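Welcome to a short tour of one protein chain. Please have the sequence and the 3D view open side by side as you read.

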Amino acid sequence: MTEKALRLGTRRSKLAMAQSGQVADAVSQVTGRPVELVEITTYGDVSREHLAQIGGTGVFVAALREALARGEVDFAVHSLKDLPTTQPDELVVAAIPVREDPRDVIIARDALKLTDLPRGARIGTGSPRRMAQLNAHARTHGLDIETVPIRGNVDTRIGYVTKGDLDAVVLAAAGLNRVGRSDEVTDFLSVDTVLPAPGQGALAVETTADNADLIAALAQLDDPLTRAAVTAERSLLAALEAGCSAPVGALADLLTDGQSVKEMRLRGVVGTTDGSTLVQLSTTGPVPETHEAATALGRELATEMLAQGAAGLMGERAL
């Protein structure tokens, strides 16, 4: 008799289905059980408001978590950057697999790079974080751009460029890789130009805290270095008391000597969306061995950023 299929809760978007499908295959391999995708519509999927207006934090997550709590699905896959920084006691992130490319990218008309865009170029993004850093970069490099707020899935956003409504749009490299559209990227934005969202490119595989067998199975997909990095990034976000729609960028990367990983560098940025003011700092230390050490790294950098005026740059603080 074949074992009962595990039910994986996922958002319905093409990107969510693609990344959940990849996790489903991996879970099937480690458990020997079939995995079926259960499509769930979230508030963030049906609302047409800009993410900054609807609060951003948790809008893509709540319905999946409710399905977990009701026992309608066995586990769920989230884009880690969508998860609120406080974790409910009844749920556990059992795995954070190896992270995809965390960078942001541009898809522009005529295969243009950021530096080649014409004066007055209109660049679409729904992210205050991207707006703040792009506008700051433009100010310091003499570029003349206008950032335009947009929403929608990958197809919709790229459509703004192909239809001629915008000169370029900014998207996450990870999402385009997962849906097989990375060949449309015209420019990869260096993390020195635009720091990604905390946790960008990483997935969170979540289940109920009382499901010990499934937690143990899912843990085989966990990548400790990715988990340490994103824990530090999300700790920075939490200590700034900012939601996932705030103009906060963070990236923890691993510094190697060619052979082995030596240290972790955490960089953080907060800015006004017009790019007129940025607080950007970094810290480097030993690779955190524990959740507590990774959390402390993020909290320490956030404290320094707050001391330099970061709080006043974030608009509404998350409640």
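Two residues are in contact here when they have heavy atoms within 4.5 Å of each other. Please keep in mind that this is a predicted model.

## Glutamate 206 and its surroundings

Let us begin with glutamate 206, whose place is in strand β10. Is this residue buried or exposed? Glutamate 206 has a relative accessibility of 0%, so it counts as buried.

Which residues surround glutamate 206? Setting aside neighbours within four places in sequence, glutamate 206 is in contact with Arg65, Leu68, Phe75, Ala76, His78, Gln87, Leu91, Val92 and Val93. With one of these partners there is also a polar contact: the side chains of glutamate 206 and arginine 65 are joined at 2.9 Å.

## Helix α4

Arginine 65 takes us to helix α4, which covers residues 62-69. The buried residues of this helix are Ala63, Leu64, Arg65, Ala67 and Leu68. They pack against β1 (6-11), β2 (35-40), β3 (75-79), β4 (91-95) and β10 (203-208). Just after α4 comes glycine 71, with a positive phi of about 80 degrees.

## Glutamine 19 in helix α1

Glutamine 19 is found in helix α1, which runs over residues 14-31. Its relative accessibility is 4%, and since the cut-off for buried is under 20%, glutamine 19 counts as buried. Not counting residues up to four places away in sequence, glutamine 19 touches His78, Ser79, Arg178 and Leu203. His78 is also listed among the contacts of glutamate 206.

## Helix α5, from cap to end

Helix α5 covers residues 128-141. How does its length fit the expected rise of 1.5 Å a residue? The 14 residues should span 20 Å, and the end C-alpha atoms are indeed 20 Å apart, which agrees. At the N-terminal end, serine 127 acts as a cap: one of its side-chain oxygens lies 3.2 Å from the backbone nitrogen of arginine 129. Just after the helix, glycine 142 takes a positive phi of about 70 degrees.

Because 11 of its 14 residues are buried, α5 is largely enclosed by the rest of the structure. The buried residues are Pro128, Arg129, Arg130, Met131, Ala132, Gln133, Leu134, Asn135, Ala136, His137 and Ala138. Two of these, Gln133 and His137, are touched by threonine 193, not counting residues up to four places from the threonine in sequence. A general point about helices helps here: an α-helix has 3.6 residues a turn, so residues three or four places apart point the same way.

Threonine 193 itself sits in the loop between β9 (187-188) and β10. In sequence, threonine 193 is 89 residues from aspartate 104, yet their C-alpha atoms are 9.7 Å apart in space.

## Valine 154 in helix α6

Valine 154 lies in helix α6, residues 154-162. With a relative accessibility of 18%, valine 154 counts as buried. Beyond residues up to four places away in sequence, valine 154 touches Leu176 and Arg181. Its C-alpha atom is separated by 9.7 Å from that of alanine 172, which is 18 residues away along the chain.

## Two positive phi values in a loop

Most residues other than glycine have a negative phi. The loop between β5 (104-108) and β6 (121-124) holds aspartate 110, and alanine 111 is found there too. Aspartate 110 has a positive phi of about 55 degrees although it is not a glycine. For alanine 111, phi is near 55 degrees, again a positive value in a residue other than glycine.

Are these residues buried or exposed? Aspartate 110 is exposed, with a relative accessible area of 61%. Alanine 111, at 58% relative accessibility, also counts as exposed.

## How α9 and α10 cross

Our last stop is a helix pair: α9 (residues 224-239) and α10 (residues 291-307). Their axes come within 7 Å and cross at roughly 40 degrees. The two helices are therefore oblique to each other, and their crossing is right-handed.

Which residues make the contact? From α9 they are Ala228, Thr231, Ala232, Ser235, Leu236 and Ala239. From α10 they are His291, Ala294, Thr295, Leu297, Gly298, Arg299, Leu301, Ala302, Met305 and Leu306.

Conventions: Residues are numbered from 1 along each chain as its sequence is written. Side-chain values use heavy atoms; hydrogens and water are left out. Helices (H or I, at least four residues) and strands (E, at least two) are DSSP runs, numbered from the N terminus. The expected span of a helix is 1.5 Å times one less than its number of residues. Buried means under 20% relative accessible area, exposed over 50%, partly exposed in between (1.4 Å probe, protein chains only). A polar contact is a pair of N or O atoms within 3.5 Å; within protein, one must be able to donate a hydrogen and the other to accept it, and residues adjacent in sequence count only if both atoms are side-chain atoms. Axes are lines fitted to C-alpha atoms, for helices over the stretch in contact, and angles run from 0 to 180 degrees between N-to-C directions. Angles under 35 degrees count as roughly parallel, over 145 as roughly antiparallel, 65 to 115 as roughly perpendicular and the rest as oblique. A crossing is left-handed if the near helix is turned anticlockwise from the far one by less than a right angle, and right-handed if clockwise.
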